[in-house]
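Visitor: Could you take me in for a close look at the aromatic rings in this one? I'd like to know what they pair with and where they sit.

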Amino acid sequence: MNFKFNGESISLDSTSTIKEFIHSLNLNTDGLIILFNDEIIKKDNLDIVINEGCSIEVLNFVCGG
(Lines give C-alpha, C1' and ligand atoms only; values in the text may rest on other atoms or scores of the structure.)
Protein backbone atom coordinates (compact mmCIF):
# COMPACT_ATOMS: atom_id res chain seq x y z
CA MET A 1 0.00 0.00 0.00
CA ASN A 2 1.34 3.43 -0.94
CA PHE A 3 0.47 6.75 0.67
CA LYS A 4 1.99 10.18 1.31
CA PHE A 5 3.54 11.05 4.67
CA ASN A 6 4.63 14.68 5.06
CA GLY A 7 4.81 14.94 1.26
CA GLU A 8 6.93 11.82 0.70
CA SER A 9 5.76 8.51 -0.75
CA ILE A 10 5.67 5.70 1.80
CA SER A 11 4.97 2.02 1.22
CA LEU A 12 3.59 -0.34 3.88
CA ASP A 13 3.46 -4.12 3.56
CA SER A 14 0.54 -4.55 5.94
CA THR A 15 -2.57 -2.76 7.15
CA SER A 16 -1.89 -0.15 9.81
CA THR A 17 -3.76 2.53 11.69
CA ILE A 18 -2.53 6.10 11.99
CA LYS A 19 -1.76 5.46 15.68
CA GLU A 20 0.31 2.35 14.90
CA PHE A 21 2.21 4.14 12.14
CA ILE A 22 2.99 7.21 14.30
CA HIS A 23 4.20 4.98 17.14
CA SER A 24 6.36 2.95 14.71
CA LEU A 25 8.19 6.22 14.02
CA ASN A 26 8.77 6.64 17.78
CA LEU A 27 6.76 9.86 17.80
CA ASN A 28 4.82 10.94 20.86
CA THR A 29 1.41 12.31 19.85
CA ASP A 30 1.53 14.98 22.58
CA GLY A 31 1.93 18.35 20.90
CA LEU A 32 1.36 16.99 17.39
CA ILE A 33 -1.29 18.07 14.92
CA ILE A 34 -2.19 15.20 12.59
CA LEU A 35 -3.96 15.73 9.29
CA PHE A 36 -5.50 12.83 7.38
CA ASN A 37 -6.43 13.77 3.81
CA ASP A 38 -6.21 17.47 4.81
CA GLU A 39 -8.56 17.10 7.81
CA ILE A 40 -7.37 17.50 11.40
CA ILE A 41 -7.75 14.27 13.35
CA LYS A 42 -8.46 14.34 17.08
CA LYS A 43 -6.05 12.36 19.26
CA ASP A 44 -8.81 9.97 20.37
CA ASN A 45 -9.60 9.12 16.72
CA LEU A 46 -6.20 7.83 15.54
CA ASP A 47 -7.49 4.29 14.96
CA ILE A 48 -8.31 5.20 11.34
CA VAL A 49 -6.89 2.60 8.94
CA ILE A 50 -4.38 3.99 6.45
CA ASN A 51 -5.58 3.32 2.92
CA GLU A 52 -4.06 3.39 -0.55
CA GLY A 53 -3.36 6.90 -1.85
CA CYS A 54 -4.18 8.74 1.38
CA SER A 55 -2.16 11.61 2.77
CA ILE A 56 -0.93 12.04 6.34
CA GLU A 57 0.75 15.21 7.56
CA VAL A 58 2.23 15.59 11.03
CA LEU A 59 2.93 19.05 12.39
CA ASN A 60 4.81 19.83 15.59
CA PHE A 61 4.66 23.33 16.98
CA VAL A 62 7.73 24.52 18.83
CA CYS A 63 7.99 27.63 20.98
CA GLY A 64 11.16 29.59 20.87
CA GLY A 65 12.62 32.99 21.15
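**A close look at the aromatic cluster**

Guide: Let's get our bearings. Read from the start of the sequence, the chain runs β-β-α-β-β-β, so to speak, one helix and five strands. Keep in mind that this is a predicted model. Of its 65 residues, 31% count as buried.

Now for the rings. There are two aromatic pairs here. Take Phe 3 with Phe 21: their ring centres are 5.4 Å apart and the planes meet at 80°, an edge-to-face arrangement. That pair links distant parts of the chain, as Phe 3 is in strand S1 (residues 2-5) and Phe 21 is in helix H1 (residues 18-24), 18 residues apart. Phe 3 has a relative accessible area of 3%, and since anything under 20% counts as buried, Phe 3 is buried. Phe 21 comes out at 6%, so Phe 21 is buried too.

Phe 21 also pairs with Phe 5: here the centres are 5.1 Å apart with the planes at 80°, so this is edge-to-face as well. Phe 5 lies in strand S1 and Phe 21 in helix H1, so the pair ties together parts that are 16 residues apart in sequence. Phe 5 has a relative accessibility of 14%, so Phe 5 also counts as buried.

Put it together and you have one aromatic cluster made of Phe 3, Phe 5 and Phe 21, with Phe 21 taking part in the pair with Phe 3 and in the pair with Phe 5.

How values were computed
Residues numbered from 1 in each chain as written. Predicted model: local features only at pLDDT ≥ 70, side-chain atom pairs only at ≥ 80, totals over all residues. Heavy atoms only, no water. Helix = DSSP H or I, 4+ residues; strand = E, 2+ residues; numbered from the N terminus. Buried < 20%, exposed > 50% of the residue type's maximum accessible area, 1.4 Å probe, protein only. Phe/Tyr/Trp six-rings, centres within 6.5 Å; stacked < 30°, edge-to-face > 60°.
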